[in-house]
Amino acid sequence: MPEALKKLLWPLAALGVLLLFNTAMNPAFFSITISDGRLTGSLVDVLDRATPVILLALGMTLVIATAGVDLSVGAVMAMAGSLAAMLLVDMQAHLSAVIVLTLGVCALAGLWNGVLVSIVGIQPIVATLILMVAGRGIAQLMTDGQIIPIDSSPGFAFLGGGTFLGLPFTITLAVSAVVLTIVVIRFTALGLFIESVGGNETASRYAGLSVRGVRLSVYTFTGLCAGLAGLIYASDITAADANYAGLYLELDAILAVVLGGTSLMGGRFYLAGSVVGALIIQTLNTTILMTEINGASVPVEYNLVIKALVVFVVCLLQSETVKQMIMRRRAVHD
Amino acid sequence: MTDLIHRLRPKPQHVPLVATAAVFILLYAVACIRYEGFASWFQATSLIADNAPLGLAAIGMTFVILSGGIDLSVGAVIALSSIFLASCLVPPDQGGAGMHAGVAIPLTLVGGTAFGAVMGAVIRVFKLPPFLVTLAGMFLVRGLALVLTEQKRISIIGVESFDPLVDFLVFDFNLPAIVFIFATLLAVAVAKYTRFGRTTYAIGGNEDSANLMGLPVGSTTVKIYALSSLCAAAGGVLHAIGSQSGDASVGYLLELDAIAAVVIGGTLLTGGYGYVIGTFLGLLILAVITVIPTYEGDLNAWWTRIVIGVLLLAFILLQRVAQPRKT
């Protein structure tokens, strides 16, 4: 456990710096007020908006831990929104049926990726590229390329916009998903299996592990997470937008995982780190939105530039070359 | 006779290439029979002209993928270079710099090349995954494209030094189409006959072996990413010529289509195997698929994405069957 905590230190420090910066720029950043029986404030907002990326990052962490990657999660999110819209609006299906069916289809989409990777034996980046390209097409096909408003179901609107225990319901969803995943993965042997597959596939097979089974389950789980994220996003904007739902979010999810300290080469993984990574990304977004320089707000366009610089710095810090440079300097000092 | 058949049978490494060519010919023939006016010279030239920016990006991407890497930044580089070129060319009274095209275009290309070289150097020196570095590059460049100017789209109309490039036409081929075709031929030659090309294949085959053989792996990696960004920047220039405008929002998800063209063209994504001419054929397939919905009328444009996905799957499966195994 100490190692996992040590790993968590860097991402937490980065998040802390960002939050401090926010307080310096805007003293009201940490203030939380109650309006209409719901806590509101920047921190609550960050948690609320980070939910889709947190969910994606959970699945992505496990996939990356098996030395894979899933590029299709954004497209699967779009599929989830479109499917839910089709079922709710066109077919007037019951909400629980819609949720179960949508999550089921998204899990199947994940399973498809898993089959391509583990049974057909295609590299993960290529295998999931197929669904990344085709998935958005399927989502657009379901909605005829239109943005379908979903306003008939208050239950569906609750998913992404409701209040539960004085907080946005999304936070409850995110927290339960994170806790459930950590409990299932870390308090059973499953986590070890995943790390073993990512660390050395051949050795795992000789040890009697079902490498195939592990891979199939992590990709299916990622599809499920993407489905839930897609439902939340569609509920949040009360519409299915096949063109923009989840666009480039797969990159945010991968980024969150890397920020959290999990190596893209597979092996050791840090679920809590990935959650912190997702929070860093969202805090960064909020920071850029809220920061004012000389009374003028920073244009949203700078978001991408700053994000690029942060990614770059974090990647550099994680690279072996820089680590060696630091180690060497330390050795000289000692 | 059997000798002839034996000689005509494609070598295992050429099977995906032959398959790509066959799919293209089939697709083109079906389209020509099915749609009136498809078999025209005009349609053929505009297939190439309309896809020239994507085509150039795909050619650069071929070298990157041959070396076992990936470049996610090409779509963003196209956008930035087109809007950069536009703001250089437009006269000062319209908010531009009023440069001569003979200065502005080389400047754009040099900028693109330098950016790619920096990415390549970062990948090499810090041993970071190309996926992450070019992802950060994409964010940076797309952001810069949006930040560079208040306007998201700049028309380049009435710029004296630029207009001849726009009006240039030989046998219905406009400048983008001609540049694309020549770039393809040049890239085929570079991949096959130069030291750089052979080193690229060697790196993709096995980087450690390439290193042990004494090949210049480091400098070649830098050159590969510089070349990819140069191609993408040239693609941006061609987009500006083709549409007479610079556009910060062009090229979203274009990197996906470029990768798809390379894969459909038979290049192995693990690197080491593949041909530039395959990418050209893969791009023509994408071009035909993209244009079919406009002829079909009631067929929705999003079918193209699904068909591209299915084609990707088919070609990847074919590669697994036909390619020599990499160990």
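**Figure 1. Chain B and its radius of gyration.** In this predicted model, chain B has a radius of gyration of 20 Å, and that agrees with the value near 20 Å that a compact globule of 327 residues would have. Put its C-alpha atoms in a box along the principal axes and you need roughly 70 × 55 × 35 Å. The fold of chain B is made of 15 helices and 4 strands.

**Figure 2. Inside and outside of chain B.** Of the 327 residues in chain B, 55% are buried. Its accessible surface adds up to about 14,100 Å², and carbon and sulfur atoms account for 67% of that. Now for who touches whom: take the contacts in chain B between residues at least 6 apart in sequence, and 78% of them join residues at least 24 apart.

**Figure 3. A look into the second largest pocket.** This pocket holds about 1,100 Å³ of space. Its lining counts 31 residues, and the ones nearest the centre are Leu247(A), Leu249(A), Asp252(A), Asn285(A) and Lys307(A). Which elements give two or more residues to this lining? From chain A they are α2 (42-65), α10 (211-236), α11 (249-259), α12 (271-290) and α13 (302-318), and from chain B there is α7 (130-148). Sorted by kind, the lining has 17 nonpolar, 6 polar and 8 charged residues.

**Figure 4. The largest cavity, with residues from chains A and B in its lining.** The structure holds 4 cavities of 30 Å³ or more, and the largest has a volume of about 150 Å³. There are 17 residues around it, with Leu71(A), Met132(A), Leu72(B), Glu255(B) and Leu256(B) nearest its centre. At least two lining residues each come from α5 (124-142) and α11 of chain A, and likewise from α7 and α13 (254-264) of chain B. The top contributor is α5(A), with 4 residues. What kinds of residue make up the lining of the largest cavity? It has 15 nonpolar and 2 charged residues, and no polar ones.

**Figure 5. The second largest cavity.** Here the space comes to about 70 Å³. From chain A, the lining takes in Ala75(A), Met132(A), Val133(A), Arg136(A), Leu247(A), Tyr248(A) and Glu250(A). Chain B adds Leu253(B), Leu256(B) and Arg305(B). Once again α5(A) gives the most, this time with 3 residues. The lining splits into 7 nonpolar and 3 charged residues, with no polar ones. You may recognise Met132(A) and Leu256(B), since both also turn up among the residues nearest the centre of the largest cavity.

**Figure 6. His239(B) and the residues around it.** You'll find His239(B) in helix α12 (residues 217-243) of chain B. Is His239(B) buried or exposed? With a relative accessible area of 17%, His239(B) counts as buried, because that is under the 20% cut-off. Setting aside neighbours within four places in sequence, its contacts are Pro53(B), Ser82(B), Gln244(B), Ser245(B), Asp247(B) and Val250(B).

**Figure 7. Phe182(B), out in the open.** Phe182(B) sits in helix α9 (residues 175-193) of chain B. Its relative accessible area is 55%, so Phe182(B) counts as exposed, the cut-off being over 50%. How far is Phe182(B) from Thr200(B) in space, C-alpha to C-alpha? The two are 21 Å apart, with their places 18 residues apart in sequence when you count from one to the other.

How values were computed: Residues are numbered from 1 along each chain as its sequence is written. Chains are lettered from A and ligands numbered from 1 in the order in which they are written. This is a predicted model: local features need pLDDT of at least 70, side-chain atom pairs count only at pLDDT 80 or more; totals for chains, interfaces and linings use all residues. Side-chain values use heavy atoms; hydrogens and water are left out. On a 1 Å grid over the protein atoms alone, a cavity is a set of points where a 1.4 Å probe fits but cannot get out, and a pocket is an open set with protein on both sides within 12 Å along at least five of seven lines; lining residues have an atom within 4 Å of a point. Grid points are joined across faces, edges and corners, and a volume is the space filled by probe spheres set on the points. Ala, Val, Leu, Ile, Met, Phe, Trp, Tyr, Cys and Pro count as nonpolar, Asp, Glu, Lys and Arg as charged, and the others, Gly among them, as polar. The radius of gyration is taken over C-alpha atoms; the globule rule is 2.2 Å times the number of residues to the power 0.38. Buried means under 20% relative accessible area, exposed over 50%, partly exposed in between (1.4 Å probe, protein chains only). Contact means heavy atoms within 4.5 Å. Accessible areas come from the Shrake-Rupley method with a 1.4 Å probe; for residues, only the protein chains shown count as cover.
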